Amino acid sequence: MRYFLFIALILIVSPRNTFAQPDSIMVWNKWCAKADTPLLFPTGNNIIQIVSKGIKPADLVVKSLDNALKIGNPEYKGDTISFMAMPYPKYGKRMRLTISQKNNKKVLKTVNFGAEEAPVPTAMLGNIVGDHPARKQLVVQSHLRVGFANSLYSYPYRVKSYTFKARVGGKDITIPVKGSQVTNEITNLMSIAAEGTFVEFTEIKAACYECEPRSLPDLKLWIK
């Protein structure tokens, strides 16, 4: 009985020490597709976010240990610390970040970041991979979206406009579209087009929250 009372007393008087463990501090790049991957994109947008169980964000201090890791002023919102980060020079070999307690300067966690180039964004038709999709795959797609091939970069670009082109039933079809939606007219055309028909999404414009619209490479598909 005394043993259980002793354990309960420890938990009551020292909850902060219990929660201030390195594995209770979560650090991620908001625009990396894998939350547990400490990765920065030299040509992209990097927002580092930190959440710690049992410690208020205002009680933590973040610091870059290396000149190659440049960080902005932290912002505190709810249970999260957010700040911009950038490798400089472009691919710093050492990019370490420490998270410490403000009151005693004890380092709770050290994060080692790596760097990876963010590729040019490309348009994708829904979840289709490859350029010879089956008709049944084509006709269920509802939107054009933006992706980064072979990369974990996931900054939220959105398609703002495009032009659909195809030759169906001996006629050349050109349909300009505002937004990212695949219209019913386009879906119907792809559903009746002959096998092997070449369809093309051109003049694709995409934008993000903080940038001007940009042109994406044409998306070319053959109906299988």
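These are my notebook entries on what I looked up in this structure, which is a predicted model.

**Entry: strand S3 and its partners**

I began with strand S3, which covers residues 47–52. I wanted to know whether its residues are buried or exposed. Six of the six residues of S3 are buried, so the strand is largely enclosed by the rest of the structure. Going through the side chains, I noted that Ile47, Gln49 and Val51 point one way from S3, whereas Ile48, Ile50 and Ser52 point the other way, and that all are buried.

I then looked at how S3 pairs. With S1 it pairs in the antiparallel sense over five bridges, and with S7 S3 also pairs in the antiparallel sense, over five bridges. On the S1 side, I found Met26 with Val51 of S3 as its bridge partner, and Trp28 standing opposite Gln49 in S3. On the S7 side, the bridge partner of Ile47 is Met84.

**Entry: strand S1**

Strand S1, residues 25–29, gave me an alternating pattern of side chains. Ile25, Val27 and Asn29 point to one face and are buried, while Met26 and Trp28 point to the other face and are not buried. The two residues on that second face are ones I had already listed through their partners in S3, Val51 for Met26 and Gln49 for Trp28.

**Entry: the largest pocket**

Next I looked up the largest pocket, which holds about 230 Å³ of space. Its lining is made up of Lys30, Ile47, Gln49, Gly72, Asn73, Glu75, Lys77, Thr80, Ser82, Phe83 and Met84. Which strands each supply at least two residues of this lining? They are strand S3, strand S6 (75–77) and strand S7 (80–87), and S7 gives the most, with four residues. I noted that Ile47 and Met84, both in the lining, are the pair I had listed as bridge partners between S3 and S7. By class, the lining residues divide into three nonpolar, five polar and three charged.

**Entry: the second largest pocket**

The second largest pocket holds about 150 Å³ of space. I counted 13 residues in its lining, of which Thr43, Gly44, Tyr153, Tyr157 and Arg214 lie nearest the centre of the pocket. Its lining has nine nonpolar, three polar and one charged residues.

**Entry: an open sheet of three strands**

I turned to an open sheet of three strands, in the order S4-S8-S9, with antiparallel pairing. Strand S4 (60–64) and strand S9 (107–112) stand at the edges and have a single partner strand each, so one side of each is left without a neighbour in the sheet. From one strand to the next, the twist averages 20 degrees. Between S8, residues 96–101, and S9 I found five bridges, with the two strands running antiparallel, and in this pairing Thr98 stands opposite Thr110 in S9.

**Entry: salt bridges**

How many salt bridges does the structure hold? I found two. In one of them the side chains of Asp66 and Arg96 meet at 2.9 Å, N to O. This pair links distant parts of the chain, with Asp66 in the loop between S4 and strand S5 (69–71) and Arg96 in strand S8, 30 residues apart. For burial, the cut-off I needed is under 20% relative accessible area, and because Asp66 has 12% relative accessibility, it counts as buried.

The side chains of Arg167 and Asp172 also meet in a salt bridge, at 2.9 Å, N to O. Arg167 is partly exposed, with a relative accessible area of 48%, whereas Asp172 is exposed, with 62%.

**Entry: Arg158**

Finally I looked up Arg158, which is found in strand S13, residues 158–168. At 47% relative accessibility, Arg158 counts as partly exposed. I also noted that its C-alpha atom and that of Lys205 are separated by 8.5 Å, although the two residues are 47 residues apart along the chain.

Key. Residues are numbered from 1 along each chain as its sequence is written. This is a predicted model: local features need pLDDT of at least 70, side-chain atom pairs count only at pLDDT 80 or more; totals for chains, interfaces and linings use all residues. Side-chain values use heavy atoms; hydrogens and water are left out. Two strands pair if DSSP finds at least two bridges between them. Axes are lines fitted to C-alpha atoms, for helices over the stretch in contact, and angles run from 0 to 180 degrees between N-to-C directions. On a 1 Å grid over the protein atoms alone, a cavity is a set of points where a 1.4 Å probe fits but cannot get out, and a pocket is an open set with protein on both sides within 12 Å along at least five of seven lines; lining residues have an atom within 4 Å of a point. Grid points are joined across faces, edges and corners, and a volume is the space filled by probe spheres set on the points. Ala, Val, Leu, Ile, Met, Phe, Trp, Tyr, Cys and Pro count as nonpolar, Asp, Glu, Lys and Arg as charged, and the others, Gly among them, as polar. A salt bridge is a side-chain nitrogen of Lys or Arg within 4 Å of a carboxyl oxygen of Asp or Glu. Buried means under 20% relative accessible area, exposed over 50%, partly exposed in between (1.4 Å probe, protein chains only).
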